[in-house]
Amino acid sequence: MSLAEKFIVVPFKRNRAGLIPGEMRQASNGTSAEKIASAMSARSLGVGAYSVMVDSETGDMSSPRLLAAFGEVGDLTQD
């Protein structure tokens, strides 16, 4: 298993079940993720910039760490 740190930006929206994540975008580094999240925040209920560990063999993501939050963001560790 080979893990690499990646940076993602996730917008959140609300539906009947509560706050749910939208389509994530990848960023090149943490600073870029924060800038993208800030720019997207005007168009979403909330946006989070995260650092995640990605298994290069399977593509599985783990250990999300919130770098910056704008508005309401959900917990990516919940199923």
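What follows is a short working chat about the fold, surface and salt bridges of a predicted model.

Me: What pattern does the protein chain follow, read along the sequence?
Reply: This is a predicted model, and in it the protein chain runs β-β-β-α-β-β from start to end. That corresponds to 1 helix and 5 strands.

Me: And how compact is the protein chain for its 79 residues?
Reply: The radius of gyration is 12 Å, close to the 12 Å that the globule rule gives for 79 residues, so the protein chain is as compact as a globular protein of that length. Along its principal axes, the C-alpha trace spans about 35 × 30 × 15 Å.

Me: How much of the protein chain is buried?
Reply: Buried residues account for 29% of the 79 residues. The accessible surface of the protein chain comes to about 5100 Å², and carbon and sulfur atoms contribute 47% of it.

Me: What share of the contacts join residues at least 24 apart?
Reply: If one takes the contacts between residues at least 6 apart in sequence, 55% of them join residues at least 24 apart.

Me: Switching to charges, how many positive and negative ones are there, and how far apart are their mean positions?
Reply: The protein chain has 8 positive and 9 negative charges, and the mean positions of the two sets lie 11 Å apart.

Me: How many salt bridges does a search of the whole structure find?
Reply: The search finds 2 salt bridges. In one of them Arg-65 pairs with Glu-5, with the closest N and O atoms 3.6 Å apart.

Me: Which strands does that pair tie together?
Reply: Arg-65 lies in strand β5 (residues 61–71) and Glu-5 in strand β1 (residues 3–15), so the pair ties together parts that are 60 residues apart in sequence.

Me: Are those two side chains buried or exposed?
Reply: Arg-65 is partly exposed, with a relative accessible area of 46%, and Glu-5 is likewise partly exposed, with a relative accessible area of 40%.

Me: What about Arg-14, which residue does it form a salt bridge with?
Reply: Arg-14 forms its salt bridge with Glu-72, and the closest N and O atoms of that pair are 2.5 Å apart. This pair also links distant parts of the chain, since Arg-14 sits in strand β1 and Glu-72 in the segment after β5, 58 residues apart.

Me: And Glu-72, what is its relative accessibility?
Reply: The relative accessibility of Glu-72 is 38%, and the residue therefore counts as partly exposed, a class that covers values between 20% and 50%.

Conventions
Residues numbered from 1 in each chain as written. Predicted model: local features only at pLDDT ≥ 70, side-chain atom pairs only at ≥ 80, totals over all residues. Heavy atoms only, no water. Helix = DSSP H or I, 4+ residues; strand = E, 2+ residues; numbered from the N terminus. Rg over C-alpha atoms; globule rule 2.2 N^0.38 Å. Buried < 20%, exposed > 50% of the residue type's maximum accessible area, 1.4 Å probe, protein only. Contact = heavy atoms within 4.5 Å. Areas by Shrake-Rupley, 256 points an atom, 1.4 Å probe, with all protein chains shown as cover. Lys, Arg positive; Asp, Glu negative; His and termini not counted. Charge placed at Lys NZ, Arg CZ, Asp CG, Glu CD. Salt bridge = Lys/Arg side-chain N within 4 Å of Asp/Glu carboxyl O.
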